[in-house]
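Before the details are discussed, please look over the chain as a whole. The questions below then turn to its overall form and its aromatic side chains.

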Amino acid sequence: MALFVCLITTLSTNAAEPTRAFVGATLIPIEGKPIAQGVLIVTGTKIQALGDRDSVTIPTDAEIVDCTGKVIMPGLVCTHSHIGGVGAADGSGPIQPGVRVSDSINVRDSGFKRAVAGGLTTLNIMPGSGHLISGQTVYVKLRFSEDLPRTIDDIMIRDSEGTSLGGLKMANGTNPQGDPPFPGTRGRSAFLVREQYIKAREYHAQKIRAEEEGSDTPPVNLHFEALVEAMQGKRIVHHHTHRHDDIMTVIRLSREFGFSVVLHHVSEGWRVAEEIATAKVPCSVILVDSPGGKLEARYLQLDTPGILEKNGVKVAFHTDDYITDSRIFFRMAAMGVRAGMSREKALEGLTLAGAEMLGLEKRVGSLKAGKDADFILLDGDPLSVYTKVEETWVEGQRVFDRRNPSDRIYAVGGYGAGHDQKPYFCCYGRNQGAN
């Protein structure tokens, strides 16, 4: 009887998961060459198969979606976003790793709608760079349809044990400098960071010693716990850095304390590309065609991604939204290609490379059987300025459809596009004829 119940449950579960076959589009899987007249099979939340018409058998019960003349590629991954009006550490001190940005995100922010309109499906939402360590980041999936998510828990990416995933935001250079207790120089900045990591290491050693001896463990210190997780490789450090000397400081600190790091921005990465390659540290780059805003970014060059690529450095792109609007994320890769980056690595920089920098490459970043069904439908070449995102799918659910007027407004702008709340007129319906 138990076996019968189990069988019925399995059949019911499978029946509840629709199968769709997207046919006729050019597939850009990222891991592999483009496939003309491709077939993408999606069942439930996962990709089941992909290939050309001759290599893929379409299930008889599949819903056929004609995508002739379109392009399908993985959903875009942004390694560095500030959507949601985020805030973490405050002015009480320059180092606050225990603070969680997930406690401050407004998931009803219209920026999430603009992100899916730009083809983004996975984000690393970060606190700002006004602190040496400003808190813990959170990785999210933009899994919502007609309405925005109800809570941050709806979009958090979790591991197999249910723990939400994220990194640790750090910064150096001019942004975290200020009046005491903030550092006034680069040397003082590095000193304060070293001091806290050493204290965290001693705190962890004391905990282990107490457990071995059966004595009382030290009181929980949330700041030190986060730094220990970074040193143990459980939490990737995402480090804001611009100048070449600041980049080298980050690399030294990562070696000293053993944390895995992604260098973000790297305006002067082109100056120390060989050193970055030797350290085997990946870079998440931002490209803007009108540099400004801070003196330390004055030597930003559009050929930085290409130079890093030629030296063997893994390169991703990020929006830093609102610095770059999520709706024009493709443009950054196009500028990288114009300045010497290969097309293949530029597209990878929007997808798989970013997924790898978040430790999510087994789930997202490419079209591959078994991965989450996160993909976008384009009406042309992804690096063409004329191309538009027509549809965005997350885990087998369409979350953006340009044909839908309520979605389209977030793609093109106009009245209402940036409003997080609809106008409320309590008496408009019955009194619109009154003076």
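What follows is an exchange about this predicted model.

Reader: What is the radius of gyration of the chain, and what value would a compact globule have?
Author: For a chain of 435 residues, a compact globule would be expected to have a radius of gyration near 22 Å. The value computed for the predicted model agrees with that expectation, and it is 23 Å.

Reader: What share of the contacts with a separation of 6 or more joins residues 24 or more positions apart?
Author: The chain comprises 12 helices and 17 strands, and 51% of its 435 residues count as buried. Among contacts with a separation of 6 or more, the share made by residues 24 or more positions apart is 68%.

Reader: Which strands does the aromatic pair of F22 and W393 link?
Author: The search of the whole structure finds 6 aromatic pairs. One of them joins F22 and W393 edge-to-face, with 5.2 Å from centre to centre and 80° between the planes. These two residues are 371 positions apart, and the strands they link are β1 (residues 19–27) and β16 (residues 389–394).

Reader: Is F259, the partner of Y197 in an aromatic pair, buried or exposed?
Author: Y197 and F259 are stacked, with 5.2 Å between centres and 25° between planes. Because Y197 lies in helix α3 and F259 in the loop between α5 and β12, the pair ties together parts 62 residues apart in sequence. Y197 has 0% relative accessibility and therefore counts as buried. The relative accessible area of F259 is 4%, which is under the 20% cut-off, so F259 is buried.

Notes
Residues numbered from 1 in each chain as written. Predicted model: local features only at pLDDT ≥ 70, side-chain atom pairs only at ≥ 80, totals over all residues. Heavy atoms only, no water. Helix = DSSP H or I, 4+ residues; strand = E, 2+ residues; numbered from the N terminus. Rg over C-alpha atoms; globule rule 2.2 N^0.38 Å. Buried < 20%, exposed > 50% of the residue type's maximum accessible area, 1.4 Å probe, protein only. Contact = heavy atoms within 4.5 Å. Phe/Tyr/Trp six-rings, centres within 6.5 Å; stacked < 30°, edge-to-face > 60°.
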